[in-house]
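Trainee: I am new to this one. Can we walk through it step by step?

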Amino acid sequence: VSARVDAGTTRTFTETMLKEVVREVFSSGGTPSVLFVSPALKQTVSAFTGLAAQRYQAPVSGQATILAGADIYQSDFGQISIVPNRFMRT
């Protein structure tokens, strides 16, 4: 896990970072279940590579539903709800 970054120092939020934190929380006895993110980070999470290839109810004939966002992240340690919060700092 990366060292803590002081407020004001920006870095790119990645799926690798999320996986590391979820693993650390689980290893420490926690059960991660909710990830609160700013609106911009909600879009970042929705763009994680593993999510891009997923399909939802794509029938052989007829229209399919296109998902452009992710509300649940299925980690190795359980499901995590991704909740946007407009009041969080960007």
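Trainee: Let us begin inside the sheet. Which residue is the bridge partner of I72 in β3?

Mentor: Keep in mind that this is a predicted model. I72 belongs to the uncovered face of β2, along with Q74. Across from I72, in β3, the bridge partner is S81.

Trainee: Which residues make up the covered face of β2?

Mentor: β2 has two faces, and I72 and Q74 are on the uncovered one. Take the covered residues by their partners in β3. One stands opposite I80, and another stands opposite G78. The covered face is Y73 and S75.

Trainee: In which sense do β2 and β3 run?

Mentor: Strands of a sheet pair through backbone hydrogen bonds, either parallel or antiparallel. Strand β2 covers residues 72–75, and four bridges join it to β3. A hairpin of two residues leads from β2 to β3. The two strands run antiparallel.

Trainee: And in which sense do β1 and β3 pair?

Mentor: Four bridges hold this pair. One place to look is V37, which stands opposite P84 in β3. The sense of β1 and β3 is parallel.

Trainee: What is the order of the strands in the open sheet?

Mentor: The sheet has three strands, and its pairing is mixed. β1 and β2 are the edge strands, as each pairs on one side only. Neighbouring strands are turned by 25° against each other on average, direction ignored. The order is β1-β3-β2.

Trainee: How do the elements of the chain run from the N terminus on?

Mentor: Count the elements before placing them. The chain has three helices and three strands. From the N terminus on, they run α-β-α-α-β-β.

Trainee: Where does α1 lie, and at what angle does it run to β2?

Mentor: Start with the helix itself. With 13 residues at 1.5 Å each, α1 should span 18 Å, and its end C-alpha atoms are 18 Å apart, which agrees. α1 lies across β1, β2 and β3, and its angle to β2 is about 65°.

Trainee: Which residues of α1 are buried, and why do they count as being on the same side?

Mentor: The buried residues in α1 are E15, M17, L18 and V22. They share a side because they cover an arc around the axis of only 155°.

Trainee: What phi does G29 take?

Mentor: Move along the chain to the place just after α1, where G29 sits. The phi of G29 is positive, at about 100°.

Trainee: Which helix lies across β1 and β3, and at what angle to β1?

Mentor: Look at residues 39–46, which form α2. Its buried residues are K42, V45 and S46. They line one face of the helix, because they fall within an arc of 100° seen down the axis. So the helix is α2, and it runs to β1 at about 125°.

Trainee: Which residues make up the largest nonpolar core?

Mentor: α1, β1 and β3 each supply at least two residues of the core. One of its members, L35, touches F13, L18, V45, I80, S81, I82 and V83, leaving out residues up to four places away in sequence. The core has 10 residues: L18, V22, L35, V37, V45, F48, A70, Y73, I80 and I82.

Trainee: Is S38 buried or exposed?

Mentor: S38 lies in the loop between β1 and α2. Beyond its neighbours within four places in sequence, S38 is in contact with N85, M88, R89 and T90. Its relative accessibility is 1%, so S38 counts as buried.

Trainee: Is T12 buried or exposed?

Mentor: T12 is placed in the segment before α1. The C-alpha atoms of T12 and L41 are separated by 9.6 Å, though the two residues are 29 apart along the chain. The relative accessibility of T12 is 62%, so T12 counts as exposed.

Trainee: What share of the contacts with a separation of 6 or more comes from residues 24 or more positions apart?

Mentor: Take the whole chain now. Of its 90 residues, 19% count as buried. Among contacts with a separation of 6 or more, residues 24 or more positions apart account for 60%.

Conventions
Residues numbered from 1 in each chain as written. Predicted model: local features only at pLDDT ≥ 70, side-chain atom pairs only at ≥ 80, totals over all residues. Heavy atoms only, no water. Core = buried A, V, L, I, M, F, W, Y, C linked by side-chain atoms within 4.5 Å. Buried < 20%, exposed > 50% of the residue type's maximum accessible area, 1.4 Å probe, protein only. Contact = heavy atoms within 4.5 Å. Pairing = 2+ DSSP bridges. Axes fitted to C-alpha atoms, helices over the stretch in contact; angles between N-to-C directions. Expected span 1.5 Å × (residues − 1). Arc of directions from axis to C-beta.
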